[in-house]
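Subject: A structure for you to look at

Hi,

Here is the structure I promised to pass on. Have a look at it first, then read my notes underneath with the model open beside you.

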Amino acid sequence: MQAPPFLLTTPVALILLDVSRQRAARRQTAKALVQPAQLVASAAFCADVVAAALVQADYHGSGLCFWPKPAPQKSLGCSKRTKFATQLSLDCISGLRCNRAMPPVNRNEPKRAPSSESEMSLVEFMREFPDDATCLKWLWRNRYSKDGEHAHCPKCKETTAFTRYETTQQRQSWTCNACGHHMHPTAGTIFHKSSTSLHLWFYAMYLMTSTRCGISAKQIERELGVTYKTAWRMAHLIRHKLMMQDSGPFNGRTPVEIDETYVGGARRNTRRGRPGIASPHKTAVFGMVQRQGRVVAVTVPNVQRATVMPHIIERVLPKSTIYTDEFSVYAPLNKLGYRHHRVNHAEKVYVSGDVHTNSMEGFWSLVKRGIGGVYHSVSTKHLQGYLNEYAWRYNLRDDPKAKFQTLLLRALA
Ligand SMILES: [Zn+2]
């Protein structure tokens with residue numbers, strides 16, 4: 001049916017043409033859905049499109065419009081731009097090769113993810129500590145001499161100039177210019193009298209602080225190119241001397257979760273993790289963690305009241321809130337002046353409002369997954385060192401400073 005020509009006044013015709021083009025573009029077809037000729041041809045369709053155009057023009061945003069708003073045009077920075085962002089064709093992707101699409105990047109300064117825990121990558125470590133001499137100088141400057149030249153001489157009892165001499169014995173020392181007294185930056189540290197280079201020591205510390213679940217002595221041996229004995233001794237000293245758990249109580253601001261677990265040994269004839277008749281070689285571990293705070297984990301000969309209560313009294317301030325499971329050992333905590341709440345794990349209740357021990361369970365999980373996956377087996381004698389290592393990393397999880405740098409500074413103390 002032919003549309004009466006008098007209906008198509010100039011403005012209406014323009015609207016119709018514009019709407020037709022928009023629809024064509026939205027359908028991503030080269031051919032317009034409604035050609036101008038068809039508009040002229042069909043009066044009914046004209047009315048429909050006019051109504052749609054009016055709705056689009058007048059009622060957009062009012063909620064009455066049934067047409068979606070056209071997607072905002074995004075600049076692709078490419079010479080082959082498309083009208084709509086959804087029309088990103090292969091042609092355009094290949095066009096991204098032109099440099100206008102991406103700003104130039106510095107390949108030597110890669111972008112660090114905000115979720116990155118460490119502020120020191122391996123490249124940065126190697127840049128800061130390229131060799132043994134740099135590590136020794138770092139110790140000298142951080143222990144004795146801020147400017148690298150002057151230090152307090154214990155013999156002269158005043159600040160004097162020091163010089164480093166290349167000796168045949170390759171002494172790692174600086175000499176007082178006034179009295180000839182030698183000062184050794186490694187004295188009293190775990191590096192003292194070690195024949196392993198300081199660079200390797202620093203690298204071992206770097207490795208141990210940058211992993212999440214630990215690193216075995218065999219892996220350190222391969223990474224450093226030293227013997228297994230050396231690698232094991234280094235890891236042992238780092239765990240036992242540098243990663244010692246802080247003494248002193250929790251600050252009392254947030255609740256403390258307390259739990260115990262068993263590590264090692266085969267699980268036989270027992271449904272729980274406790275030592276069974278045929279598996280007496282499990283080591284009891286007692287742990288306390290403050291919410292949003294630090295964790296303390298110690299090996300204990302057993303989990304009897306007389307054993308664990310001194311640990312609680314030492315670390316948890318009176319009137320603090322304590323969450324535990326239903327284990328009877330914790331029964332007298334209320335009498336001791338703590339606000340004690342429990343969840344009954346035996347009844348399969350693990351969370352009751354704020355009351356749960358999931359933070360502590362999370363730490364146990366980290367320890368057990370780490371020991372099982374990395375160390376495979378840990379003897380009772382050395383377990384405390386491994387607990388120190390896991391607690392160290394856990395306690396510094398939110399430290400903006402790299403854990404490695406924190407550990408280095410502890411090596412000076
Ligand atoms: Zn002197």
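Before anything else, one term: a residue is called buried if 20 or more other C-beta atoms lie within 10 Å of its own, and exposed if 12 or fewer do, with partly exposed in between. By that count, 24% of the 413 residues in this protein are buried.

Please keep in mind that this is a predicted model. The average pLDDT for the protein is 79, and 71% of the residues reach at least 70. Residues 29–34 fall below 50, and in the model that stretch has eleven contacts beyond near neighbours in sequence. Residues 75–87 are also below 50, with 30 contacts of that kind. Where pLDDT is low, the predicted coordinates should not be read in detail.

Now the overall make-up. The protein has 13 helices and eleven strands. If you take the contacts between residues at least 6 apart in sequence, 50% of them join residues at least 24 apart.

**The five-strand sheet**

Let's begin with an open sheet of five strands, in the order E7-E6-E5-E8-E9 and with mixed pairing. At its edges are E7 and strand E9 (339–342), each of which pairs on one side only. On average, neighbouring strands here are turned by 25° against each other, ignoring direction.

Which residues of E6 point one way, and which the other? Try working it out on screen. Thr-283, Val-285, Gly-287 and Val-289 go one way, while Ala-284, Phe-286, Met-288 and Gln-290 go the other, and all are buried. That is eight of the eight residues in strand E6 (residues 283–290), so this strand is largely enclosed by the rest of the structure.

Strand E6 has a partner on either side in the sheet order. With strand E5 (residues 256–263) it runs antiparallel, joined by eight bridges. Two pairs to look up are Tyr-262 with Ala-284 and Val-263 with Thr-283. With strand E7 (residues 295–300), E6 is again antiparallel, this time through six bridges. Here you can find Phe-286 opposite Val-298 in E7. The E6 and E7 hairpin has four residues between its strands, and Gln-292 takes a positive phi near 55° in it.

Two helices lie across E5, E6 and E7. Helix H10 (residues 305–315) does so while running at about 155° to E7, and helix H12 (residues 380–395) does so at about 175° to E7.

**The four-strand sheet**

There is also an open sheet of four strands, ordered E1-E2-E3-E4, with antiparallel pairing. Strand E1 (150–153) and strand E4 (182–183) are at the edges with a single partner strand each, so one side of each has no neighbour in the sheet. Further in, strand E2 (residues 158–163) pairs with strand E3 (residues 174–176) over two bridges, in the antiparallel sense. Thr-163 has Thr-175 in E3 as its bridge partner.

While you are there, go to the loop between E1 and E2, where you will find Lys-155. How many C-beta neighbours does Lys-155 have inside 10 Å? There are 13, so Lys-155 counts as partly exposed. Leaving out neighbours within four places in sequence, Lys-155 is in contact with Cys-176, Cys-179 and His-181. Lys-155 and Gly-180 are 25 residues apart in sequence, yet their C-alpha atoms are 9.3 Å apart in space.

**A pair of helices**

Last stop: two helices that meet. Two packed helices are described by the angle between their axes and the distance between the axes. For helix H7 (residues 198–210) and helix H9 (residues 228–242), the axes come within 10 Å and cross at roughly 65°. The crossing of H7 past H9 is right-handed.

Which residues meet there? From H7 they are Trp-201, Ala-204, Met-205 and Met-208, and from H9 they are Met-234, Ala-235 and Ile-238. Sorted by class, this contact has seven nonpolar residues, with no polar and no charged ones.

That's my tour. Write back with anything you'd like to go through together.

Cheers

Notes:
Residues are numbered from 1 along each chain as its sequence is written. This is a predicted model: local features need pLDDT of at least 70, side-chain atom pairs count only at pLDDT 80 or more; totals for chains, interfaces and linings use all residues. pLDDT is the predictor's confidence in each residue, from 0 to 100. Two residues are in contact if their C-beta atoms, placed from the backbone, lie within 7 Å. Two strands pair if DSSP finds at least two bridges between them. Axes are lines fitted to C-alpha atoms, for helices over the stretch in contact, and angles run from 0 to 180 degrees between N-to-C directions. A crossing is left-handed if the near helix is turned anticlockwise from the far one by less than a right angle, and right-handed if clockwise. Ala, Val, Leu, Ile, Met, Phe, Trp, Tyr, Cys and Pro count as nonpolar, Asp, Glu, Lys and Arg as charged, and the others, Gly among them, as polar.
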